[in-house]
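Please walk me through this structure, beginning with its main pocket and then turning to its surface.

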Amino acid sequence: MSLLTIILLGIVEGVTEFLPVSSTGHLILAGELLGFQGNQSGTFDIVIQLGAILAVVVLYFGRFTAVAGGLLKRDRGAIVFTRNIFLGFLPALVIGAIAYRAIKAMLETPIIVAVALIVGGIAILVIERIAKRVTVTSVETMPWKTALGVGVVQCLAMIPGISRSGATIMGGLSMGIDRKTAAEYSFFLAVPIMVAASAKELWEARHVASSNDWSAIGIGFVVSFVVALAVIRAFITVVTRHGFAPFAWYRIVVGTIALIWLITR
């Protein structure tokens, strides 16, 4: 894989990881376009997501340290925050472990991505219109049933192209969480989920990946981290002011173009 391909894929990951447009779907389509496919691409795509996750840890470091300190003091807000992250992560942990091989197989089927992008875009437009009245304005005050419900909805994102952040955010909106909190909850849930997914992928690839593979992953990791730092704050501003409709239409357009290209090439 060329250095340019690595950098381009790192940029794609950093830009799309926290937008409701499916970073995995974009990486699969970009890999198809750039000729980077197969098991090697699957490992690369999953592990470089850690770079984007590190950006969340850096940007919200004060929030995480405050929660850690609150847990030591048995602060209720910190305890509820931690409980809600665990409950949101739990369904993905269970279903991911059970359906790991099926998920890996879908990662090698670009046409699924194209269809999922279109369907997901339509779903975002519908949910934005019918979203419940806001009753939750912070992760620290989110009821446990809501956190678990969002975690269950998030599992839809195991289908490449659905978007983990999109499923989480739309699930949150449909359950009465405000836009900013839904987006931030998606960021926070990404940390344990992607760390677990990447750890499993690294373990699976430990004996088959070459030194060149690890070098590519390292460069992609750094690029995705730097790009994600810039994207996260901009995303919060955009969704707070304008909602998610722009991302929905983007999904529909890109998915349609990709579907036509994949069918007719």
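**The pocket and the nonpolar patch**

Helix α11 gives the most to the lining of the largest pocket, with 6 residues. The model in view is a predicted one, and the pocket in question has a volume of about 700 Å³. Its lining is made up of 33 residues, of which Ile103, Met158, Ile193, Met194 and Ala197 are the closest to the centre. Besides α11 (179-204), the elements that give two or more residues to this lining are α2, α6 (76-98), α7 (100-106) and α10 (164-174). When the lining residues of the largest pocket are sorted by character, they divide into 18 nonpolar, 10 polar and 5 charged.

From the pocket we can turn to the surface, where Leu3, Leu4, Ile7, Leu8, Ile11, Val15, Leu33, Leu34 and Ile219 make a nonpolar patch of about 740 Å². The elements that give two or more residues to this patch are α1 (3-16) and α2 (23-34), and of the elements it is α1 that gives the most, with 6 residues. Helix α2 is thus met in both places, since it is named among the elements that line the largest pocket and among those that give residues to the nonpolar patch.

One member of the patch can serve as an example of how a residue comes to be included. Ile11 has its place in helix α1, and its relative accessible area is 36%, so that it counts as partly exposed. Because a patch is made of residues with over 30% relative accessible area, Ile11 meets that cut-off with its 36%.

Conventions:
Residues numbered from 1 in each chain as written. Predicted model: local features only at pLDDT ≥ 70, side-chain atom pairs only at ≥ 80, totals over all residues. Heavy atoms only, no water. Patch = residues over 30% accessible without salt bridge, like charges linked within 9 Å, V, L, I, M, F, W, Y side chains within 5 Å. Areas by Shrake-Rupley, 256 points an atom, 1.4 Å probe, with all protein chains shown as cover. Salt bridge = Lys/Arg side-chain N within 4 Å of Asp/Glu carboxyl O. Helix = DSSP H or I, 4+ residues; strand = E, 2+ residues; numbered from the N terminus. Buried < 20%, exposed > 50% of the residue type's maximum accessible area, 1.4 Å probe, protein only. 1 Å grid on protein atoms, 1.4 Å probe; cavity = no way out; pocket = protein on both sides within 12 Å on 5 of 7 lines; lining within 4 Å. Points joined across faces, edges and corners; volume = space filled by probe spheres on them. Nonpolar A, V, L, I, M, F, W, Y, C, P; charged D, E, K, R; others polar.
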